[in-house]
Amino acid sequence: MLANYKYIAFETILVKEIRRFARIWVQTLVPPAITIGLYFLIFGNLIGRRIGDMGGFDYMDFIVPGLIMMAVIQNSYANVVSSFFSQKFQRSIEELLVSPVPNYVILCGFIAGGVARGLAVGFIVTLMSFAFTDLSIYNLPITILVVLMTAVVFSLAGFLNALFANSFDDISIIPTFVLTPLIYLGGVFYSVELLPSAGRIVSSFNPIFYMVNTFRYGFLGSSDVNIVWSLGMLSVFVLVLYVICIALLRRGTGLRH
Amino acid sequence: MTSAISIKNLYKTYGNGHQALKGVDLEVEEGDFFALLGPNGAGKSTTIGVISTLVKQTSGTVSVFGKDVATHVYETKLDLGIVPQEVNFSLFEKVMDIVMTQAGYYGLPRALAKERTEKYLKKLGLWDKRNNRARMLSGGMKRRLMIARALVHEPRLLILDEPTAGVDIELRRSMWEFLQEINNNGTTIILTTHYLEEAESLCRNIAIIDEGRIIENTSMKLLLNKLDSQTLLFDLRAEIEPSAFAALSIERSRLVDPHCFEVDIGKDEDINGVFQHLQANNIGVKGLRNKTNRLEQLFLARLKSA
């Protein structure tokens, strides 16, 4: 009974999250599709033709995995941070807090919602990429594993942001000033081989650099990073962020007075 | 009989240093219809917040049906339904989805959740609005939606924090009837309200909280018996001249207007004598009422003495 109730509660949160981003699809699903579509068109197609090869691959083929990953990262983060903070702001989060749903079920429900949106946008962007290139997958398990783990990491990060946020400004600071620079400097558009040695060292401290390159390995079979090391690092991120979120939920940070 | 709620030595100091609760002790019996009254900022909502775990107590214990809310989270929350003072559902969701989602949080299978949602939305007159977005509801409907939401898992204890604030009189009366019905069916109800008439007509027991302390905790009957006197207003059928009224010589009476006079009646006195005077002078009485709500009179006196 207890396990079943927890599953029903988890499913309820997940369905509610999916219903939310599906209801406002013009705000959640269309904009990333248009933005990434423009990247495909301008950088991949128009400018890409002049660039030639990158890391031994056609430039369009090179940037597609990075752009899909960029969409997944941005949208899994955005979904959790905006949904959870909105519920805090409207106080509808109290519906959950007064119910017997355990903290880990609350966290898993929101994370699953973030992953669902990240993957939904990633899927749309992947479909769009077929208009520009013949995408093939070199290693399907690695591709699925890395995209799932990345979506989980950024959903957890979004949750953490939402817990501490007190205003709508607080939920836009991290995406604007931290996430976007890390994504753009994370090897989405270039190979690390192009960077001077100092740039390579700086990139090695950027976790998104590893995620993008591991995902690219899944498609192209080539990467600037060690895949095992990268997956290990992702696992550590998932674990550490999960433990922090659970500890904060238990303390009631930002939720219980 | 088991206590539905048992609060012992409850203290709460907020982060800004404000001490909202200063050693609250409170027992509410199972099946009771209990009023928790107090002026604004007295600690009513903080007490409810601690019971619902939205507020973390500084010290003290809270038990629901004999189980500590801090250690028996699952069992105590299943027994508890909360109707907060302010709207706390998503205004962008449909009425039906709000109640169904809450049922899901309590682990109700979908078929049962649907059945209960229909039952309570119908009982609270919201079934026709089930596909409307919550923001389209009137203030009274939003309050009724919060009651339906709190009842969907059929808790043994329902706590309502000012449920009828801003609700028109007709709707208020229908909500009273509904609450009485679910209390008669066995649900313990704790109510905070600013409408003392509401507490007087619905509740059997009462506690008054002021500045974070319980200053009165007794039955409604005993509390009302504490009134030393009450002022009754007699509405007359026909006008009466001041001189004719003076000639009646009714003790401790005053003419309010040509159609109405008031009399102070002591705790141990009866009003038969007044009627005898009126009958002897062939003066018809159309109606009889209290000048002020009796509970209001006591409430203000108790706050003043505290």
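Helices (H or I, at least four residues) and strands (E, at least two) are DSSP runs, numbered from the N terminus. With that in hand, A:Phe84 can be placed in helix H4 (residues 59-90) of chain A.

This is a predicted model, in which local features need pLDDT of at least 70, side-chain atom pairs count only at pLDDT 80 or more, and totals for chains, interfaces and linings use all residues. Residues are numbered from 1 along each chain as its sequence is written, while chains are lettered from A and ligands numbered from 1 in the order in which they are written.

## Confidence

The predictor gives the complex an ipTM of 0.87 and a pTM of 0.84. For chain B, the mean pLDDT (the predictor's confidence in each residue, from 0 to 100) is 87, and 94% of the residues reach 70 or more. Among the elements of chain B, helix H3 has the highest mean pLDDT, at 95, and helix H11 (residues 294-305) the lowest, at 68.

## Chain A: a phenylalanine and a helix pair

Let us return to A:Phe84. A residue is buried if 20 or more other C-beta atoms lie within 10 Å of its own, exposed if 12 or fewer, and partly exposed in between, with C-beta atoms placed from the backbone. A:Phe84 has 28 C-beta neighbours inside 10 Å and therefore counts as buried. Two residues are in contact if their C-beta atoms, placed from the backbone, lie within 7 Å. Leaving aside residues up to four places away in sequence, A:Phe84 touches A:Phe110, A:Phe159 and A:Ala162. The C-alpha atoms of A:Phe84 and A:Ala165 are separated by 9.9 Å, although these residues are 81 apart along the chain.

Two packed helices are described by the angle between their axes and the distance between the axes. In chain A, the axes of helix H3 (residues 30-51) and helix H6 (residues 103-129) come within 10 Å and cross at roughly 35°. Here axes are lines fitted to C-alpha atoms, for helices over the stretch in contact, and angles run from 0 to 180 degrees between N-to-C directions. The contact is made by A:Pro32, A:Ala33, A:Ile36, A:Gly37 and A:Phe40 of H3(A), together with A:Val121, A:Ile124, A:Val125, A:Met128 and A:Ser129 of H6(A). By class, this contact of H3(A) with H6(A) has eight nonpolar, two polar and no charged residues. For these classes, Ala, Val, Leu, Ile, Met, Phe, Trp, Tyr, Cys and Pro count as nonpolar, Asp, Glu, Lys and Arg as charged, and the others, Gly among them, as polar.

## Where the chains meet

The contact takes 20 residues from chain A and 22 residues from chain B. On the side of chain B that touches chain A, helix H2 (73-78) and helix H3 (95-105) of chain B each supply at least two residues. That side of chain B has 12 nonpolar, eight polar and two charged residues.

## Chain B: strands and sheets

Chain B has 11 helices and 14 strands, and 42% of its 306 residues count as buried. Its C-alpha atoms fill a box of roughly 75 × 45 × 40 Å, taken along the principal axes.

Two strands pair if DSSP finds at least two bridges between them. One open sheet of chain B holds four strands in the order E2-E1-E4-E5, with antiparallel pairing. Strand E2 (19-29) and strand E5 (67-68) of chain B stand at the edges with a single partner strand each, so one side of each is left without a neighbour in the sheet.

Strand E9 (residues 205-210) of chain B is mostly covered, with five of its six residues buried. E9(B) and E10(B) form a hairpin with two residues between them, and B:Glu211 in the turn has a positive phi of about 50°.

The table lists strand pairs of chain B.

| Strand pair | Direction | Bridges | A bridge pair |
|---|---|---|---|
| E1 (residues 3-13) and E2 | antiparallel | eight | B:Ser3 and B:Glu29 |
| E3 (residues 33-37) and E9 | parallel | four | B:Leu36 and B:Ala207 |
| E9 and E10 (residues 213-219) | antiparallel | six | B:Ile208 and B:Glu216 |

## Two loop residues with positive phi

Most residues other than glycine have a negative phi. B:Phe65 has a positive phi of about 50° although it is not a glycine. B:Phe65 lies in the loop between strand E4 (59-64) and E5 of chain B and counts as partly exposed, with 19 C-beta neighbours inside 10 Å. Phi of B:Asn282 is also positive, near 55°. B:Asn282 sits in the loop between helix H10 (272-280) and strand E14 (285-290) of chain B, and is exposed, with 7 other C-beta atoms within 10 Å.
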